[in-house]
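Visitor: I would like a close look at one part of this protein, the nonpolar core. Could you walk me through what builds it and what surrounds it?

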Amino acid sequence: MIDHISIAVRDLNEAARFYEDVLGALGLVRLVTQPHTVGFGKRYPEFWLNHRAGMDPVIIGSGVHICLRAENPDAVDTFHAAALAAGGVSDGPPGMRPHYSERYYAAFICDPDGNRIEAVTFVDEAMLQPPSTVA
């Protein structure tokens, strides 16, 4: 249903470096670089950064929230770690979110401009089963 999304950033070069690592954890790469925009995706640009030099940081709690699908829990963990290493802020560490669904595994970050980004995957039923003990 959604073809692509875009977010505003104050420093396009800084944001592009940040998102190369963060989105790379989810399999997205930089596909387009233009003077005022950068596009990331797998086959075509799905996630765009648009330069807005005079913008104020996004107000935390404003409701801005973008969720991206991860292939597995390791990718969610890598997404979160990459964001923190690149200067982002944790808005919820990697883990199960049973209040959303018993299989919902996600992490939340805020980028340097305050945009709230989530990575989510849905774990297999086998991962929900307690380890068996052999007597």
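Guide: Happy to; what follows starts with the whole chain and then turns to the core.

A word on the ground rules: this is a predicted model, in which local features need pLDDT of at least 70 and side-chain atom pairs count only at pLDDT 80 or more, while totals for chains, interfaces and linings use all residues. Residues are numbered from 1 along each chain as its sequence is written, and side-chain values use heavy atoms, with hydrogens and water left out.

The chain has 3 helices and 8 strands; these are DSSP runs, helices being H or I of at least four residues and strands E of at least two, numbered from the N terminus. Their order from the N terminus is β-α-β-β-β-β-α-β-β-β-α. The C-alpha trace spans about 65 × 30 × 30 Å along its principal axes. Of the 135 residues, 41% count as buried, meaning under 20% relative accessible area, with exposed over 50% and partly exposed in between (1.4 Å probe, protein chains only).

Now to the core itself. A nonpolar core is a set of buried Ala, Val, Leu, Ile, Met, Phe, Trp, Tyr and Cys residues joined through side-chain atoms within 4.5 Å. The largest one here holds 30 residues, and those touching the most other members are Tyr19, Leu26, Phe40, Phe47, Leu49, Phe79 and Ile117. Two or more residues each come from β1 (5-9), α1 (12-24), β3 (37-41), β4 (45-51), β5 (66-69), α2 (73-85), β7 (104-110) and β8 (116-122). The most generous of them is α1, with 7 residues.

Phe47 is a good place to zoom in. Setting aside neighbours within four places in sequence, Phe47 is in contact (heavy atoms within 4.5 Å) with Ile5, Ile7, Tyr19, Leu23, Leu28, Val38, Gly39, Phe40, Ile66, Leu68 and Ile117.

Two of those partners, Ile66 and Leu68, form the covered face of β5, whereas Cys67 and Arg69 form its uncovered one. Strand β5 runs parallel to β8, joined by 4 bridges; strands pair if DSSP finds at least two bridges between them. Within that pairing, Arg69 has Val120 of β8 as its bridge partner.

For contrast, take Thr78, which is found in helix α2. Thr78 is partly exposed, with a relative accessible area of 42%. Its C-alpha atom is separated by 14 Å from that of Gly92, 14 residues apart along the chain.
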